[in-house]
Structures are given as structure tokens and as C-alpha cells.
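Please work through the exercises below with the sequence and the coordinates open beside you. Each task is followed by a solution that proceeds step by step.

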Amino acid sequence: MWCPACGAEYRIGSERCGDCRVALVTEPPEIEAETAKPVWVTEVGVSTFGADEVQGRLAALPEVAQVAGLLSEMLGVGEAPPMFVFGWAQGSFLWDHLALREGRWPRDDAEKAVVLGVLAAEVLHKKAGDTLAIEAESYLVAGVFQSEALVENGAVLMTLSQAQRLNDKPGKVNILNVKLKPGAGEAGAERVREAVRASMPGFSALSSGQVVQQNALVKITKAMSAATILIAGLVGALGVFNTMLMSVSERTREIGVLLALGWRRALVVRLILLEAAALSLLGGVAGCMLGGDRKSTRLNSSHITISYAVFCLKKK
């Protein structure tokens, strides 16, 4: 619902607007379909839409094995900054790639329970059996899971029905994940694309790779990784330069002796550069060995993908 005074969104049942504190209606007004607000655009930039009709039409295609809905939002979780909260269809193939590290999965759609990615559990300081506040609602932390996708490790996961209820979006999803039958191949994938273009105007069928390329989070992660590498390289270069400058300054007498013995200047410079290269190589190897031991903190943007779905259907 939207405040009539300032236009801010509020949850049904609120007595006053959180922004302007004006009194609010407690029941949603009757709205004709023609005058309803445009479809809501989520924090991740994907429109929500009703899943039932589209999902049934997709499932009827001969190349399709399974179709599962997904709803994702950025919500306030506990005292931490806003985090991704995913709602996945209960019992669907979306859950298959996750590894449960602690506790259990939500029992059914009716249970107000969530599972946390390993990074989210660390940030929130939660474990299985604790309670977690999401948008002023309390949920049981049923378990902790690990995924190959970094974005999932830092997310809160619940059943699709619970996510729809929490966000006041009954029957809505961001994306329909489509899994093709074994042996469908590229020809079957192209037939699904053509079917979506021909019979489902307003929707687009994207492969998981295309979703990654268009994902703003992936672009930001790659830019941050490139900036971090650049800064680390500059800091390392300055460190090596300073070390070699001090080393040469302290060995001025030795260098003079080498020149007096007949060494050419080019050979002395080559010796100093070789020492700098060896120092840089040893430092790089040591850094890689130390960094490799902290696998949980490594960022790999190529893993931020819905790798368990052949297609992602979303509204344009």
C-alpha cells in the first residue's frame, strides 16, 4: 500500500506512515484492474508477475522437464544491512545443489522457517535453532547451507509461499527457472526460446550465462575485483620499489667495488632488477598460498549464476 500524503510504501495493517506519520487506512481499498498501480520493480531490477498461467504453459512444452518459481528481494534482516531474501518453490530442483551444513531444511510451505547461507550466518551471528527478524516478523533459523554461488552464501532462503506472504505478493515471482529434459540439446533450447517469443509477449527466455551478463551484482563484483587488483598491484609495486631503493642505498660501496672490478653498468642494473623480480615472485607465491587457505572468503564472480537452471524466464 502507498501513503496518500507522501507516497511512501507501507505494509497493510500499519496505523501510521513511517515517513510522514500520517494516519493510514487499515484495510486495502477496492481497486479496479484498469487503475491498479504498475507492476512493482524489485530491488534486483526484475518485475514480478503472476506465475500460475505462464508456468503451466511452459511446463506443457515438450522440451521442458521442470519449472520452478523464484522471488527475490532486498530486505532488512535483524540489525544487519539489507540482505538478499530468496523464496524458492518448496521441493523443486532449485534446492538440489545446496549442501546442508547444520540443522535441517524447512518442513513445508506453512512453517515460518529460513535457512541461512554460510556467510549470512556468520554476518548475522546465527545458528540452527535461533530466531531471526525479517521486516519485523520472526522466523526460525532451521539450518545453515553452503552453495557454490557467493550470492546465495550471503542470502536468507525460505519457501516461495513464505516469501510471497512476507512481501505481500501472493502468487508473484521474479523469475521462472526452466530445466530442460536430458538430450534436449541446443536445438531444444532454441525451440523453447521461439515458443516464449511467439506465445508469451512481454517475457524473455535467457540462459544462465545471459542472466549473469545482465546481472548488476555481477558487474559490480567484477568492477570491484578489478579495482582491488589494481590497488593491490600498485601497493605491491611501491613496496618492492621502496625495498630495492633502500637495498641499493645500503650497498653503494659494494656496487662501486663491482664497477671498479670491471663490471658494466648494464650488468649491475640487470643484477638489481633480477633481485627485484625474485623478491616479487616469492611474495606473490607466498600471498597465493596464504590466500588459498581462506576459501570461504574468496570472490569468484563466475559462480554468481543460476547454474541449476537451463533457462530463466523473466518479464521485460
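The exercises that follow deal with charged pairs, a surface patch, a helix, a core and some backbone details.

The model is a predicted one, in which local features need pLDDT of at least 70 and side-chain atom pairs count only at pLDDT 80 or more, whereas totals for chains, interfaces and linings use all residues. Residues are numbered from 1 along each chain as its sequence is written, and side-chain values use heavy atoms, with hydrogens and water left out.

**Exercise 1. Salt bridges**

Task: Determine how many salt bridges there are, and describe the pairs formed by E111 and R104 and by R251 and E275.

Solution. Begin with the criterion, which asks for a side-chain nitrogen of Lys or Arg within 4 Å of a carboxyl oxygen of Asp or Glu. Side chains of opposite charge can pair when their charged atoms come close. Applying the criterion gives nine salt bridges.

Next, take E111 and R104, whose side chains form a salt bridge with an N to O distance of 2.6 Å. For the surroundings, use relative accessible area (buried is under 20%, exposed is over 50%, and partly exposed is in between, with a 1.4 Å probe and protein chains only). E111 is buried because its relative accessibility is 14%, while R104, at 24%, is partly exposed.

Then turn to R251 and E275, which are joined by a salt bridge of 2.8 Å from N to O. This pair links distant parts of the chain, 24 residues apart, since R251 sits in the loop between α7 (216-250) and α8 (252-260) and E275 belongs to helix α9 (residues 265-292). Here helices (H or I, at least four residues) and strands (E, at least two) are DSSP runs, numbered from the N terminus. R251 is partly exposed at 32%, and E275 is partly exposed at 32%. As for networks, R104, R107 and E111 are joined into one by salt bridges that share partners.

**Exercise 2. A nonpolar surface patch**

Task: Identify which residues make the nonpolar surface patch of about 520 Å², and find where W263 lies.

Solution. The rule for patches admits residues with over 30% relative accessible area and no salt bridge, joining like charges within 9 Å and nonpolar side chains (Val, Leu, Ile, Met, Phe, Trp, Tyr) within 5 Å. Accessible areas come from the Shrake-Rupley method with a 1.4 Å probe, and for residues only the protein chains shown count as cover. The patch consists of V257, L259, L261, W263, L267 and L271. Sorting these by element, α8 and α9 are the ones that give two or more residues. W263 itself lies in the loop between α8 and α9, and W263 is partly exposed, with a relative accessible area of 34%.

**Exercise 3. The two faces of α5**

Task: Compare the span of helix α5 with the expected value, and decide how its buried residues are arranged around the axis.

Solution. The expected span is 1.5 Å times one less than the number of residues. With 15 residues (185-199), α5 reaches 21 Å from its first C-alpha to its last, close to the expected 21 Å. Its buried residues are G188, A189, V192, R193, A195 and V196. They lie on the same side of α5 because they cover an arc of only 160° around the axis, the arc being that of the directions from the helix axis to the C-beta atoms. The face turned away from this buried side carries the exposed residues E186 and A198.

**Exercise 4. Core and backbone**

Task: Name the residues with the most contacts inside the largest nonpolar core, and locate E135 and D168.

Solution. A nonpolar core is a set of buried Ala, Val, Leu, Ile, Met, Phe, Trp, Tyr and Cys residues joined through side-chain atoms within 4.5 Å. The largest has 57 residues, with L58, V114, L116, L132 and I134 making the most contacts inside it. Strand β2 (residues 64-75) gives the most to this core, namely six residues.

For the backbone, E135 has a positive phi of about 50° although it is not a glycine, and E135 is placed in the loop between β6 (131-134) and β7 (137-146). D168, also not a glycine, has a positive phi of about 55°, and D168 is in the loop between α4 (160-166) and β9 (172-173). D168 is partly exposed at 42% relative accessibility.
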